[in-house]
Amino acid sequence: MRSKKAIANIMSSLLLQLTTIICGFIVPILIIKSYGSNVNGVINSITQFLGYIALLEAGIGGVVRAALYKPLANKDNVTISRIVKTAEKFFKIIAYILIGYLIVVAFVFPNIVSGEFDKIYTITLVLIIGMGTFAQYFFGISYQLLLQADQRLYFTSLLQVFTVVINTVIVVVLINKGASIHFVKLCSAAVLIARPLVLNIYVKYRYKIIKNVNADRNALNQKWDGLGHHISYFVNNNTDIAVLTLFTNMREVSVYSIYMMVVAGIRNITTTFSSGIEAAFGNMIANGERNSLYRNFISFEFLSFFITTVLFTSASLLILPFISIYTKGITDVNYIRPLFAYVLVAAGAAYCIRLPYHSIVIAAGHFKQTRNGAFVEAIINIVFSIVLVNSLGILGVAIGTLFAMLFRTFQYIFYISKNILERRILDPIKRILVSVSSVLVSVIIIRLIPTIAIDNYFYWGIYAIGVTTIIFLVTLFVNLICYFQDLKNVLQILNRVIKSKGKNYQS
């Protein structure tokens with residue numbers, strides 16, 4: 001049952017990420033061509049600055065999920081209701097604080113980008129973009145956490161697929177009709193507000209949440225330990241654009257956002273494969289199934305490294321040809337930045353390598369034990385980004401992110417090997433070396449093959465299929481030699497799930 005739910009969550013999350021990537025490529029280029037790179041930059045910058053309100057979450061999301069695993073396994077509806085009520089109260093407080101924060105940002109942000117936009121233009125854009133964030137905190141997050149903990153992420157993913165598609169259609173139609181960016185973003189905010197409202201209705205129908213129970217304050221007793229993890233995640237996702245906003249200009253922010261759109265899309269696809277795993281690990285830990293936990297973790301670790309190696313090696317070879325086609329005809333800023341692209345892709349790969357280790361730490365509830373590493377990661381990213389941005393510009397912030405990602409990945413590897421799985425530290429180090437070997441062999445082979453001129457999406461697509469196929473086959477061959485048993489175990493798990501689904505269809 002756990003495997004079936006995990007597969008359902010993974011497939012729905014994969015559909016969401018593919019939808020988000022496709023729609024994400026459509027909207028920014030329309031904004032750049034219709035309103036300019038500086039407008040695209042200011043939208044991304046506003047979104048990131050509004051994202052700072054997420055610091056108030058203090059890592060509660062992971063803490064709430066960890067607290068819900070045991071009562072969900074025991075079908076303890078009273079405890080579930082108390083935890084959900086506690087989370088609901090917490091996030092509504094953040095929603096109220098957000099209103100004040102929105103007003104502050106609305107009047108401070110125009111001074112940061114002074115000279116590029118009219119104050120009224122910027123103030124109203126901040127308020128409009130902030131509407132969707134308010135709705136998320138006030139109506140939806142606590143119920144989304146419940147669905148994730150109960151291995152029902154597939155519902156939120158499918159709901160988000162629907163809203164992303166609707167939002168993209170509305171944006172494309174309005175931009176082609178010549179609507180102002182403010183009206184476009186206002187209509188987009190209306191769609192974002194609808195999603196948490198639907199989620200709210202579904203959870204009330206699906207679960208028997210008891211409304212008159214007392215909040216369980218003990219459920220969040222690890223929130224300050226979870227804060228370190230949350231700050232680390234937040235900093236790594238927001239530092240770069242914030243530093244570029246303060247030390248460069250909106251056009252550089254636009255360049256960063258276009259490259260990050262590609263890397264984040266690939267990163268999110270990779271993350272998809274861990275979307276249903278954390279809850280399954282949490283269920284195993286709650287039931288004391290140590291052998292099953294270890295066996296399934298090894299399979300997940302193998303799959304995660306395999307996917308990360310294939311996707312990010314492909315990205316390193318395909319990102320520049322894609323960007324050159326995507327930004328063809330745009331002359332207000334240079335979008336071709338090779339070294340920056342390679343460093344950003346490497347940082348994305350370092351993030352994805354640690355996904356198995358992060359998932360098991362959260363599932364085990366080891367927030368306090370790993371919080372110091374999270375704080376150090378955040379400090380590394382901020383310090384290196386600020387120090388390097390003046391001399392290296394956009395490349396400097398990418399280097400800061402890469403250093404931070406590498407530190408945290410190795411910190412996770414050492415911690416879980418010693419304290420959760422009790423295995424040799426050489427095992428994950430070997431996996432990294434095997435992945436690096438696959439990357440080097442793949443790049444050498446591809447560089448030896450003559451390439452066609454890539455000047456449109458059709459030829460890029462042909463090239464992408466060829467490159468990805470070669471990298472897949474090389475990675476598969478290397479892993480057959482080094483990890484034959486792990487590959488066999490993953491295929492057996494998939495086979496069991498497929499057979500189980502086939503029996504359900506027949507019945």
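# A helical protein, piece by piece

Helix 2 is mostly tucked away, with 12 of its 14 residues buried. Keep in mind that this is a predicted model. Across the protein there are 18 helices and 0 strands, and 56% of the 507 residues count as buried. Among contacts with a separation of 6 or more, 85% come from residues 24 or more positions apart.

**Three helices to look at**

- Helix 2 covers residues 37–50, and its first and last C-alpha atoms are 20 Å apart, close to the 20 Å expected at 1.5 Å a residue.
- The buried residues of helix 2 include Ser37, Val39, Ile43, Phe49 and Leu50.
- Helix 6 runs over residues 153–176, and its 24 residues should span 34 Å at 1.5 Å a residue; the end C-alpha atoms sit 35 Å apart, so the two values agree.
- Along helix 6 you'll find a mix of buried residues, among them Leu153, Thr156, Ser157, Val161, Asn167 and Ile175.
- Just past the end of helix 6, glycine 178 has a positive phi of about 85 degrees.
- Helix 17 has 26 residues and reaches 36 Å from its first C-alpha to its last, close to the 38 Å expected.
- At the start of helix 17, asparagine 456 gets a side-chain oxygen to within 3.1 Å of the backbone nitrogen of phenylalanine 458.
- Buried residues in helix 17 include Tyr463, Val467, Ile471, Val474 and Val478.
- Here's a handy rule for reading lists like these: an α-helix has 3.6 residues a turn, so residues three or four places apart point the same way.

**Aromatic rings**

- The count of aromatic pairs comes to 15.
- Take phenylalanine 322 and tyrosine 457: their ring centres are 6.1 Å apart and their planes meet at 50 degrees, and because planes from 30 to 60 degrees apart fall between stacked and edge-to-face, this pair is tilted.
- Phenylalanine 322 belongs to helix 11 (residues 290–326) and tyrosine 457 to helix 17 (residues 457–482), so their pairing ties together parts that are 135 residues apart in sequence.
- Is each partner buried or partly exposed? Phenylalanine 322 has a relative accessible area of 8%, and because buried means under 20%, it counts as buried. Tyrosine 457 has 43% relative accessibility, which lies between 20% and 50%, so it counts as partly exposed.
- This pair has company: ring pairs link Phe25, Phe322, Tyr326, Tyr457 and Trp460 into a cluster.

**Charges over rings**

- Arginine 267 holds its charged end over the ring of tyrosine 351, 4.9 Å from the ring centre.
- Lysine 430 does a similar thing over the face of tyrosine 483, at 5.0 Å from the ring centre.

**Nonpolar cores**

- The largest nonpolar core has 99 residues, and Leu146, Tyr256, Tyr259 and Ile319 touch the most other members.
- Helix 4 (residues 77–112) gives the most to this core, with 13 residues.
- Another core lies apart from it, with 19 residues that include Phe281, Ala363, Tyr412 and Ile432.
- Leaving out residues up to four places away in sequence, leucine 146 touches Leu68, Leu72, Ile80, Val84, Val203, Tyr207 and Ile209.

**Three buried residues up close**

- Where is valine 397? Valine 397 is in helix 15 (residues 394–419), and it is buried at 0% relative accessibility.
- Not counting residues up to four places away in sequence, valine 397 touches Asp240, Val243, Leu244, Tyr256, Ser385 and Val389.
- Valine 397 and phenylalanine 340 are 57 residues apart in sequence, and their C-alpha atoms are 9.2 Å apart in space.
- Threonine 239 is part of helix 8 (residues 223–247) and is buried, with a relative accessible area of 7%.
- Setting aside neighbours within four places in sequence, threonine 239 is in contact with Asn381, Ile382 and Ser385.
- Arginine 431 sits in helix 16 (residues 426–448) and is buried too, with a relative accessible area of 6%.
- Which residues does arginine 431 contact, leaving aside its neighbours within four places in sequence? They are Ile298, Glu301, Phe302, Phe305, Tyr483 and Asp486.

Conventions
Residues are numbered from 1 along each chain as its sequence is written. This is a predicted model: local features need pLDDT of at least 70, side-chain atom pairs count only at pLDDT 80 or more; totals for chains, interfaces and linings use all residues. Side-chain values use heavy atoms; hydrogens and water are left out. Rings of Phe, Tyr and Trp (its six-membered ring) pair if their centres lie within 6.5 Å; planes under 30 degrees apart count as stacked, over 60 as edge-to-face and the rest as tilted. Helices (H or I, at least four residues) and strands (E, at least two) are DSSP runs, numbered from the N terminus. Buried means under 20% relative accessible area, exposed over 50%, partly exposed in between (1.4 Å probe, protein chains only). A charge sits over a ring if NZ of Lys or CZ of Arg is within 6 Å of the ring centre and within 35 degrees of the ring normal. Contact means heavy atoms within 4.5 Å. The expected span of a helix is 1.5 Å times one less than its number of residues. A polar contact is a pair of N or O atoms within 3.5 Å; within protein, one must be able to donate a hydrogen and the other to accept it, and residues adjacent in sequence count only if both atoms are side-chain atoms. A nonpolar core is a set of buried Ala, Val, Leu, Ile, Met, Phe, Trp, Tyr and Cys residues joined through side-chain atoms within 4.5 Å.
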